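This briefing is intended for a reader who has the sequence and the coordinates to hand. It takes up the nonpolar cores, the pockets and one strand residue in turn.

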Amino acid sequence: MRDFRRRRVLKALCAAAMLAPAAAAADDLAAVFARMDQAAPKFKGMRADMKKVSHTAVIGEDSTDSGTIVVKVPKPHDYRMLMKFEKPDEKLVGVVGTAVEMYLPKAAEVQVYNFGKGHKAEVEQFLKLGFGSNSQELKDAYTVTYGGPETVAGEKATRIVLVPKSQDVANMFQKFELWISDATGISVQQKMYEKGGNYSLATYPNMKLDPNIKDSEVKLVTPPGVTRRKM
């Protein structure tokens with residue numbers, strides 16, 4: 001009888017030990033969501049340095065681009081962005097709504113991508129990953145799990161893992177990781193995993209939230225005479 005009781009007590013202790021980390025993770029994830037929900041309605045714009053690492057699995061090589069990024073959200077569903085890559089090759093990428101333009105100075109060409117109004121929600125979903133998205137938007141589109149605390153770009157952050165619920169998105173990206181700043185509730189790093197082992201990792205050092213970004217700061221301006229090509 002005593003052995004039976006001991007086994008019951010041990011089983012109960014083991015079950016409690018297994019549940020405790022899960023409960024702690026749930027509490028920690030809820031805390032991340034709370035920070036994001038507090039930051040989301042206040043997010044009107046930001047500027048930061050940018051480093052993007054693209055990993056190609058088949059050859060086991062990384063390529064690194066660096067530059068700056070400016071984001072402006074003057075009102076809900078009005079998302080504007082300008083990325084200036086300076087190294088190793090200069091290029092500018094401007095985003096307004098569902099239109100994306102990439103200016104390649106060496107080729108004197110602007111590549112134009114327009115996803116159309118029918119895909120506005122999907123485009124906005126990608127653009128807002130960590131930049132003004134709230135917890136409900138993430139939970140609607142992804143299965144979200146807690147990753148743990150880390151330090152990124154010199155500040156304390158919490159990593160969360162997002163697995164797409166949409167099969168269309170999952171066919172392109174297996175999962176995403178976001179590092180949410182403990183101080184601001186905004187993503188300071190993002191990682192996108194493609195099928196086949198490829199991934200891209202974008203980090204945003206020296207981020208500054210700014211509600212007064214000028215329209216000119218997020219507008220892609222090119223010299224006259226460049227070729228515009230629809231992709």
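The points below are grouped by topic and concern a predicted model.

**Nonpolar cores**

- The largest nonpolar core comprises 26 residues, and those with the most contacts inside it are Met46, Ile69, Val71, Met81, Phe131, Tyr204 and Met207.
- Two or more residues of this core come from each of strand S1 (45-56), strand S2 (61-75), strand S3 (78-87), strand S4 (91-96) and helix H2 (120-127), and S3 gives the most, with 4 residues.
- Tyr204, which is among the core residues with the most contacts, touches Ala48, Asp49, Met50, Ile69, Phe131, Ala153, Ser187, Val188, Gln189 and Gln190 when residues up to four places away in sequence are not counted.
- A second core, separate from the one just described, has 16 residues, including Leu29, Tyr142, Ile160 and Ile180.
- As a general background to such groupings, nonpolar side chains tend to be buried together in soluble globular proteins.

**Largest pocket**

- The largest pocket holds about 1300 Å³ of space, and of the 37 residues that line this pocket, Lys52, Phe126, Leu127, Phe173 and Met192 lie nearest its centre.
- By class, the lining of the largest pocket is made up of 24 nonpolar, 7 polar and 6 charged residues.

**Second largest pocket**

- About 250 Å³ of space lies in the second largest pocket, whose lining consists of 16 residues, with Ala40, Val73, Pro76, Lys128 and Gly132 lying nearest the centre.
- Strands S2 and S3 each contribute at least two residues to the lining of the second largest pocket, and these two strands are also among the elements that give two or more residues to the largest nonpolar core.
- The lining of the second largest pocket divides into 7 nonpolar, 3 polar and 6 charged residues.

**Lys51 in strand S1**

- Lys51 is located in strand S1, one of the elements that give two or more residues to the largest nonpolar core.
- Lys51 counts as partly exposed because its relative accessible area is 43%, a value that falls between the limits of 20% for buried and 50% for exposed.
- Apart from neighbours within four places in sequence, Lys51 is in contact with Thr64, Asp65, Ser66, Leu201, Ala202 and Thr203.
- The C-alpha atom of Lys51 is separated by 9.8 Å from that of Ile69, which is 18 residues away along the chain; Ile69 is itself among the residues with the most contacts inside the largest core.

Methods: Residues numbered from 1 in each chain as written. Predicted model: local features only at pLDDT ≥ 70, side-chain atom pairs only at ≥ 80, totals over all residues. Heavy atoms only, no water. Core = buried A, V, L, I, M, F, W, Y, C linked by side-chain atoms within 4.5 Å. Buried < 20%, exposed > 50% of the residue type's maximum accessible area, 1.4 Å probe, protein only. Contact = heavy atoms within 4.5 Å. 1 Å grid on protein atoms, 1.4 Å probe; cavity = no way out; pocket = protein on both sides within 12 Å on 5 of 7 lines; lining within 4 Å. Points joined across faces, edges and corners; volume = space filled by probe spheres on them. Nonpolar A, V, L, I, M, F, W, Y, C, P; charged D, E, K, R; others polar.
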